[in-house]
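Me: I have a model open and would like to learn how to read it. Can you take me through it feature by feature?

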Amino acid sequence: WSNVPPEIESLDEYLKPIFDYLSQNSQKGDFAFISGDFGATYKCVNFSKNINLLAVYATTKREVFEVIENGEVKKISKFRHVRFRRYF
């Protein structure tokens, strides 16, 4: 999902196509990479675990640099993937 609508009361109908897709296109032991909106992530992790998928998320390392250009301080953040971690 790219933008979970904040106005809706429940995520059930919104996430139904994702749940249907996972049910029809995955099998026990497959990995499901889940990240994003907190509520949608929570629901998707629980759903994935209930159908015996291995729910994972990415961990990153952030490096922050400050550069002075023309008298202005610019902050540059660099993110580097480190590993995937399972939701338990």
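Reply: What follows goes through the sheet, the helix pair, some single residues and the backbone angles. This is a predicted model, in which local features need pLDDT of at least 70, side-chain atom pairs count only at pLDDT 80 or more, and totals for chains, interfaces and linings use all residues. Residues are numbered from 1 along each chain as its sequence is written, and side-chain values use heavy atoms, with hydrogens and water left out.

Me: Start with the sheet. What is the order of its strands?

Reply: Terms come first. Helices (H or I, at least four residues) and strands (E, at least two) are DSSP runs, numbered from the N terminus. Two strands pair if DSSP finds at least two bridges between them. Here three strands form an open sheet in the order 1-2-3, with mixed pairing. Strand 1 (31-33) and strand 3 (72-86) are at the edges, each with a single partner strand, so one side of each has no neighbour in the sheet. On average, neighbouring strands are turned by 25° against each other, direction ignored.

Me: Which strands run parallel, and which pair in the antiparallel sense?

Reply: Strand 1 and strand 2 run parallel, joined by three bridges. In that pair, Ala32 stands opposite Ala55 of strand 2. Strand 2 (residues 54-69) and strand 3 are antiparallel, over 14 bridges. Two positions let you check the register. Glu63 faces Lys78 in strand 3, and Val64 has Ser77 as its bridge partner there.

Me: How do I read side chains along a strand?

Reply: In a regular strand the side chains alternate between the two faces of the sheet. Then look at accessibility: buried means under 20% relative accessible area, exposed over 50%, and partly exposed in between (1.4 Å probe, protein chains only). Thr59 is in strand 2. Thr59 is buried, at 10% relative accessible area. Lys61 also lies in strand 2, but counts as partly exposed at 42%.

Me: What do Thr59 and Lys61 touch?

Reply: Contact means heavy atoms within 4.5 Å. Leaving out residues up to four places away in sequence, Thr59 touches Arg80, His81, Val82, Arg83 and Arg85. With the same exclusion, Lys61 touches Lys78, Phe79, Arg80 and Val82.

Me: Now the helices. At what angle do helix 1 and helix 2 pack?

Reply: Two packed helices are described by the angle between their axes and the distance between the axes. Axes are lines fitted to C-alpha atoms, for helices over the stretch in contact, and angles run from 0 to 180 degrees between N-to-C directions. Helix 1 and helix 2 (residues 38-50) pack at about 35°, with axes 11 Å apart. On the helix 1 side, the contact is made by Asp12, Leu15, Ile18, Phe19, Leu22 and Ser23. Helix 2 supplies Ala40, Lys43, Cys44, Phe47 and Ser48.

Me: Ser48 sits in that contact. Is it buried or exposed?

Reply: Ser48 is buried, with a relative accessibility of 0%. A polar atom of the Ser48 side chain lies 2.8 Å from the backbone oxygen of Cys44. Not counting residues up to four places away in sequence, Ser48 touches Leu22, Ala32, Ile34, Leu53 and Ala55.

Me: Where does Val4 lie, and what is it in contact with?

Reply: Val4 belongs to the segment before helix 1 (12-25). Val4 is buried, at 12% relative accessible area. Beyond neighbours within four places in sequence, Val4 is in contact with Leu11, Tyr14, Asp37 and Ala40. Val4 and Ala40 are 36 residues apart along the chain, and their C-alpha atoms are separated by 8.0 Å.

Me: Last, the backbone angles. Which phi values should I look at?

Reply: Most residues other than glycine have a negative phi, and most peptide bonds are trans. Asn52 has a positive phi, near 65°. Asn52 is in the loop between helix 2 and strand 2, and is partly exposed at 42% relative accessible area. Asn70 also has a positive phi, near 55°. The hairpin of strand 2 and strand 3, where Asn70 is found, has two residues between the strands. Asn70 is exposed, at 82% relative accessibility.

Key:
Polar contact = N/O pair within 3.5 Å; in protein donor to acceptor, adjacent residues only side chain to side chain.
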